Amino acid sequence: MQIRHQQERYVLETRMPLLQQRIDAINEKLRASKAPLIEMNITGPIIRRIHFGLYSRLLPVMKVELNRELDGPKGEVKMLALSTVDKTTQWMEHKTFTKLTPEQDVQVRLTDTPCLCDHCGTNRIRVYMYTLEINNEIKRVGSGCVDEFAGLSIRSWQAAYEKAVESIEKYSDVDFSVVDDHSVVPVMDFLKEAVMHTKEHGYLTFNESGRSSGYEAFQALGDRLDAEGDSPTYPAEVVEKAKAVRDHILKAEADPERRDKDYWCNLLSLVKYGHLTMRQSSLLCSSIKSYETHLSKMAKPLEGASLANEHFGKEGERLPLKNMQVASAYVDEGEWGYTTKITMYDEKNRLFEWKASGRFEVKPGDIVHLVGTLGKPETFESKKYEKIMYKNTLKRCKFHSLEEIDELIEKGKNPKAKRRPKEPMPEAETQPVW
Ligand SMILES: [Zn+2]
């Protein structure tokens, strides 16, 4: 089927070089016969949804239009129509070269003298009549006079034009296999789907399993877009992590260790383009793994002598806590449901503990950001580190993204600063937050 919308044709972005070659060859012949060249207006790339029966896919395409105006030696010539006139009945069949205005349409179709030539002024039996607009005047001209009238070989130009149309139609034609190879999905939706997929099924590569997480997430997203439309919804923690992965990729540009590596260059251009094909899905999916590795590298070794040497703040104080490294997280099931005891260290190795109600999927080494209220400070003797530990207890905590915690810290410094609207986060008490 052809990708077209009324008069417009859409050609797959990847096919444009071939189409351009075809048009160049046609123009080479026109140039040799000193006829005006065929001009192509190209816009894009744009992403268009193409429907195939029950399902649809997004394709990156260029909008291609042929310019029908000729710059002839006698002025600007517009080919409007070629009419075939029946010798006995004078019944006319029209072939139009452009979308006619109502005025032009009247002059093409509703003439009392179908065979009167405006060039030589004679009215005799003619089979082919051209309707042209030259210097803003509409003229009907017999096929024998048209070259002299326009100052160029209309017939060879018309043949070239038709060849060009044929090429565009050929190149705008797609079938299922082509669609499968070229269809794209939005980068952000893919990252969300892949985050969810790898969380549920683990991260798989072709070499390990013959199935890759990237391909599976790509396919699952295609089905989801068909079923749910253009903005599928994901749990807040999935959205949050997908954004963090995207930001991690974007930061590669300013990172001297990453910016020259092909791997990161390819990811950067994918994210900037905004869409990816199935072939690129494994690459983008692997960025989730890279991001996780990056996070675990950020975690610092916890060495006893430097740990938990002081209390912090005042009891009852509510604080934003950024870059907290989780040291342990124990889930307990009691009469009233789950509780999670999370211990973590801040950047100065001060120890914090939060006994949270609910089940939180954090693990040692995770870096988290939260706002909490300080409880009673405690001290205890650690058998592991053989020393006295100063512990800050926390109450009523809420996890935040890095972006949010920075904003809260900024707001704390300057209370008048406005907070930007953000996506709603679930309550910490009821759901894990990433
Ligand atoms: Zn004539």
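Which residue in E6 is the bridge partner of Asp71? In this predicted model, that partner turns out to be Glu76. The pairing belongs to a bigger arrangement: E5 and strand E6, which covers residues 75–85, run antiparallel to each other and share four bridges. Getting from E5 to E6 takes just a hairpin of two residues.

Strand E5 also turns up around helix H4. This helix covers residues 154–171, so 18 residues in total, and spans 25 Å from its first C-alpha to its last, close to the 26 Å expected at 1.5 Å a residue. Its buried residues are Ile154, Trp157, Ala160, Tyr161, Ala164, Ser167, Ile168 and Tyr171. Looking down the axis of H4, these buried residues sit within an arc of 145°, which means they line one face of the helix. Among the elements covering them are strand E5 (69–72), helix H1 (16–32), strand E4 (55–67) and strand E8 (128–134).

Now for the nonpolar cores. In soluble globular proteins, nonpolar side chains tend to be buried together. Here the largest nonpolar core holds 66 residues, and the members touching the most others are Val11, Ile38, Trp157 and Phe190. Helix H4 supplies the largest share of this core, with seven residues. Take Ile38 as an example: setting aside neighbours within four places in sequence, Ile38 is in contact with Ile23, Ile26, Asn27, Leu30 and Leu66, as well as with Ala160, Tyr161 and Ala164. Those last three are also on the list of buried residues of H4. There is a second, separate core too, made of 19 residues, including Ala329, Ala356, Val362 and Leu370.

How values were computed. Residues numbered from 1 in each chain as written. Predicted model: local features only at pLDDT ≥ 70, side-chain atom pairs only at ≥ 80, totals over all residues. Expected span 1.5 Å × (residues − 1). Buried ≥ 20, exposed ≤ 12 C-beta atoms within 10 Å, placed from the backbone. Arc of directions from axis to C-beta. Contact = placed C-beta atoms within 7 Å. Pairing = 2+ DSSP bridges. Core = buried A, V, L, I, M, F, W, Y, C linked by C-beta atoms within 7 Å.
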